[in-house]
Structure formats: structure tokens, C-alpha cells
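Below is an explanation of selected parts of one structure, taken element by element. Please keep the sequence and the coordinates open while reading.

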Amino acid sequence: MYDPKSPHADDFIDHGEVMETLAYGEANKHNEALIDEILAKARLRKGLTHKEAIVLLDCDLEEKNQEMFALAEQIKKDFYGNRIVMFAPLYLSNYCVNGCVYCPYHAKNKHIARKKLTQEEIRREVIALQDMGHKRLALETGEDPVHNPIEYVLESIDTIYGIKHKNGAIRRVNVNIAATTVENYRKLKDAGIGTYILFQETYHKESYLKLHPTGPKHDYDYHTEAMDRAQMGGIDDVGCGVLFGLELYRYEFAGLLMHAEHLEAVFGVGPHTISVPRIRRADDIDPDTFDNGIDDDTFAKIVACIRIAVPYTGMIVSTRESQKTRERVLHLGISQISGGSKTSVGGYYEPEPEEECSAQFDVSDNRTLDQVVNWLMGMGYIPSFCTACYREGRTGDRFMSLCKSGQIQNCCHPNALMTLKEYLMDYASEDTRRIGEVLIEREIGNIPKEKVQQIVRERLIQIESGIRDFRF
Ligand code: SF4
Ligand code: SF4
């Protein structure tokens with residue numbers, strides 16, 4: 001029985017409710033009056049229900065779809081301006097006891113190189129990441145209680161936060177590890193993590209059980225209820241996502257929004273971020289064996305509809321996507337991207353020989369961070385290395401209420417400019433620095449409060465003289 005407030009996965013992702021939602025979308029895909037009504041509600045920027053959002057996703061009236069894309073772009077501009085937050089993944093270990101059939105780290109894959117970084121190797125990786133200019137990481141590990149126990153993850157977080165190399169510092173560590181206990185989430189919270197990220201992979205229970213035939217991840221309920229336990233452990237910024245290509249995208253879309261509604265109903269705050277990965281080629285994995293792959297147009301529409309349905313939620317796209325695709329979806333709602341990523345264990349310090357591949361997937365965007373930063377600025381975006389919110393205690397509902405009031409603009413924009421300035425001073429190529437300086441000068445005028453503009457000007461001068469880590 002569908003109940004968004006229930007603690008049970010089968011209730012808040014009720015299969016019957018998803019099927020009804022899909023039928024509702026299908027029945028109304030030409031219903032212009034209803035689509036107009038939903039678009040009018042969406043313009044209030046307070047979000048949509050999963051049932052309303054599916055009607056937009058299914059709509060095949062060209063004119064309405066164009067309205068939808070324009071609205072998504074406008075909402076993106078209203079809440080995120082032209083800023084794009086930068087991050088990089090850091091793979092700690094690819095040992096895994098699970099049997100996920102779409103991931104090369106599955107336990108039965110005997111030809112992938114298995115690696116686990118020592119604390120010294122983590123230092124080398126983090127210094128390499130700092131030397132690129134990164135300030136925000138997403139930690140990744142397989143699930144393996146022997147090789148990657150929680151103590152290893154906690155020690156690694158401690159190591160990462162402790163590395164101060166030249167002007168570099170990792171200021172926010174987000175964590176993407178397997179579903180775990182409330183007690184372990186509390187330990188992660190105490191270790192100072194930013195967001196806890198866990199992809200659902202698929203919300204379709206029957207498919208989920210087949211796609212995860214062995215290992216602890218086989219337990220659909222335990223996995224699906226992980227965000228609730230994370231919240232109970234004190235982590236109020238959680239990041240959701242599905243792996244598009246495993247199941248029918250309409251099912252995943254409805255499930256994702258129902259999950260967001262559940263978190264909002266129970267904890268008063270929806271997901272901090274939503275990621276939209278698509279399945280990619282990797283060692284032992286041929287994406288063509290999965291029937292549900294989505295084309296670029298569908299992908300763009302999903303991004304636009306999520307943007308409209310949950311306007312306050314950050315949206316992430318990784319280097320799984322090509323430069324071209326990333327460019328397209330940046331306009332439609334993406335607020336965070338990775339750059340210069342390595343998806344292998346230890347790949348930042350030393351590129352690994354091909355015969356020793358330990359990567360989770362093939363990267364489609366192979367550019368360096370400097371190239372990505374340069375490219376973003378060339379399109380008028382401000383690459384931001386900001387990590388201010390959680391360091392200022394603006395997490396969970398405190399973050400969301402600030403965001404909903406529109407006041408976050410007075411933090412994000414100046415923070416983006418100051419962290420970009422740090423990047424330009426410490427890491428950028430000459431060309432990137434030149435473009436960036438012009439951009440910063442132009443964008444200072446777009447800070448809403450004059451007083452804040454003045455403070456930013458003073459701080460930019462201080463950054464030039466070597467002082468770091470200013471934030472609002
Ligand atoms: Fe392990 Fe995660 Fe890969 Fe599954 S998706 S095999 S849990 S690393
Ligand atoms: Fe993100 Fe907060 Fe920085 Fe804005 S001020 S970019 S919301 S961390």
C-alpha cells in the first residue's frame with residue numbers, strides 16, 4: 001500500500017503506485033490542458049509530485065516540450081545562476097563481495113586488477129588531486145567487510161582532510177559506500193563527511209533482485225531504506241541516483257521522485273543531490289547486453305523534468321558523459337560536474353597500464369580539469385570550488401530553507417568567484433587564468449548586495465597576496 005511516510009521500501013516505492021503513475025502519464029501525454037496546468041504549477045518553483053512530473057516526461061507535444069526545456073533552464077538560472085560546482089571521484093578500493101551484473105567490480109570478475117590504496121597511496125592520490133585544483137571529493141569503494149571495513153573508510157577520510165600540500169586542501173569529502181548501519185552512518189557523520197551518496201541502481205524490485213544476485217546488496221529493502229538510516233545517523237545531506245539503462249527509464253524516474261517525496265515527508269528534507277548516470281562500457285561489461293539504454297534526447301528530457309520537479313536539489317553528471325552531452329544538460333539543470341576524473345584505483349598519481357585496468361567504467365570526457373574549467377568559462381559558466389555550506393553548518397533543512405528563500409545566491413555567487421580566483425592563482429594555465437580574471441571582474445557586478453561586492457573585492461586582493469579559504 002503506497003505510503004510516503006512509511007519506513008518500509010515496499011510502501012514508499014510501492015510497485016502498484018509506480019504502475020498507476022506510468023499509466024497516468026501514458027493516458028495524459030497529449031492532454032494539453034493538464035500539461036498547461038502542471039507547467040503553471042511548475043512555474044511557482046515549488047516542485048511537482050511524481051504523478052505530475054511523469055505527465056511532463058511522457059508529453060510528446062513538441063511545443064509543450066520546448067516550454068518545458070525553457071522552464072528547466074530558467075529554474076536552473078534562478079536557483080543556481082551560472083555556477084557549476086566541481087568535484088572528482090577518488091576510488092579507494094575495488095574489492096567487492098557483491099554480484100552486480102552491470103559493474104566490473106563484481107566478485108566473480110577474476111580478470112580485473114584488484115587494488116586497495118594504503119594510507120600512503122591515498123596521500124599520493126590526494127596530493128595529485130590537490131595539484132589539479134580539486135577541493136571536493138567523492139570517495140568510492142566496493143563493499144567488502146574484510147578489505148574495506150568502515151574503519152578503513154574512516155581512517156582514509158581522516159588522512160584526506162589532514163593533507164595540506166602547498167595551498168591545496170580537500171575541504172569536503174562526500175562518500176559513496178554501500179548501504180550500512182545507523183551506527184556506521186553516525187561514524188561517517190562524526191568523521192565530517194559532506195553528502196552520503198548511494199545510487200539505488202533500479203527501483204524495480206524484481207529487476208533489482210536479478211541484477212544483484214549475490215552478496216549483501218541483494219537485499220533490496222536494506223538498500224532502499226539506507227537513506228533513512230543515514231538520516232537517523234545524523235547525515236542530513238543524502239544523494240540519490242539510479243543507473244539509467246538497467247530498467248525502463250519511466251519506472252526509474254517515478255521511483256526516484258517517490259524516494260525524494262518519502263525523504264521530504266519523513267525527514268522534512270529531500271535529497272541534497274540527484275545523480276543521473278547512464279550505464280557505460282567497462283571491463284567485463286557490455287552495455288549493449290542491457291536492453292533499456294536511453295538515447296541523448298530522452299536523457300536530456302529526464303534531466304529537464306527532474307530539474308522542474310525538484311528545483312532545490314543539486315544535479316550531478318559525471319565523466320561517464322561526453323563533452324557534448326554534458327554541454328547540453330548543463331543548460332537544463334545540472335549543477336555539479338566532475339572534471340579530470342580517473343575511475344581506477346590509484347589513477348591520479350600514476351596512470352595504470354592497460355593490462356592492469358582497475359577502472360569502474362570507461363570515461364567519456366577525458367579532458368583535464370584545466371580544460372574543463374576553461375571550457376565552462378568559455379560558455380559563460382563560473383566553475384566553483386565552493387564547499388562552504390557544510391563547513392558553515394548549512395546542511396539538511398537549514399540548507400534547504402536558505403535555498404528556498406533565494407538567499408543562497410548571496411553565498412554561492414561570491415564563494416564561486418573567490419574559489420575560482422584561488423584556482424586561477426594556484427593551478428590554472430595561462431589561458432585559463434586570463435579568461436577567468438575577465439569573468440570574475442564581470443561577475444562581481446552580479447552579486448546582489450553591494451556590501452558583499454565590496455567584501456569580495458577586498459578578499460580577491462587578499463587571495464592574490466596568498467591568503468586562502470574565504471567563504472560566506
Ligand atoms: Fe560492488 Fe558497487 Fe560494483 Fe556492485 S556496483 S559490484 S556493490 S562496486
Ligand atoms: Fe554549494 Fe553552499 Fe557553496 Fe552554494 S554556498 S555552492 S550551496 S556549498
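**Two helices, a histidine and a ligand site**

Helix H8, residues 182–190, has Asn184, Tyr185 and Leu188 as buried residues. Viewed along the axis of H8, these buried residues lie within an arc of 100°, so they line one face of the helix. An α-helix has 3.6 residues a turn, so residues three or four places apart point the same way. Glu183 and Asp190, on the other side of H8, are exposed. The model discussed here is a predicted one.

The cover over the buried residues of H8 includes two helices, H7 (150–162) and H11 (226–232), as well as two strands, S3 (172–176) and S4 (196–197). After H8 comes Gly192, which has a positive phi, near 85°.

Strand S4 also marks one end of the loop that holds His204; the other end is helix H9 (205–211). His204 has a relative accessible area of 14% and counts as buried because the cut-off for that label is under 20%. Leaving aside residues up to four places away in sequence, His204 touches His15, Glu247, Tyr251 and Glu252.

Helix H3, residues 32–42, can be read in the manner of H8. Its buried residues are Leu34, Ile35, Ile38, Leu39 and Ala42. They are on the same side of H3 because they cover an arc of only 135° around the axis. Exposed residues Ala33 and Glu37 are carried on the face of H3 turned away from this buried side. Four helices pack against the buried residues of H3: H2 (15–27), H4 (50–58), H5 (62–80) and H13 (296–309).

A further stretch of the chain is marked by a record. An unreviewed UniProt entry annotates residues 275–383 as "domain: Biotin and thiamin synthesis-associated". Across residues 275–383 the chain is 31% helix and 9% strand, and the C-alpha atoms at the two ends are 18 Å apart.

The last site is that of ligand 2, which sits in the largest cavity. Which residues surround ligand 2? They are Arg136, Cys386, Ala388, Cys389, Arg394, Phe399, Cys411, Cys412 and Asn415. Helix H16 (388–391) and helix H18 (409–426) each give at least two residues to this shell. H18 provides the largest share of the shell, three residues.

Notes:
Residues numbered from 1 in each chain as written. Chains lettered and ligands numbered in written order. Predicted model: local features only at pLDDT ≥ 70, side-chain atom pairs only at ≥ 80, totals over all residues. Heavy atoms only, no water. Buried < 20%, exposed > 50% of the residue type's maximum accessible area, 1.4 Å probe, protein only. Arc of directions from axis to C-beta. Contact = heavy atoms within 4.5 Å. UniProt positions renumbered as here; feature names shortened; annotations may be inferred. Near = heavy atom within 4 Å. 1 Å grid on protein atoms, 1.4 Å probe; cavity = no way out; pocket = protein on both sides within 12 Å on 5 of 7 lines; lining within 4 Å. Sits in = over half its atoms within 2 Å of the grid points.
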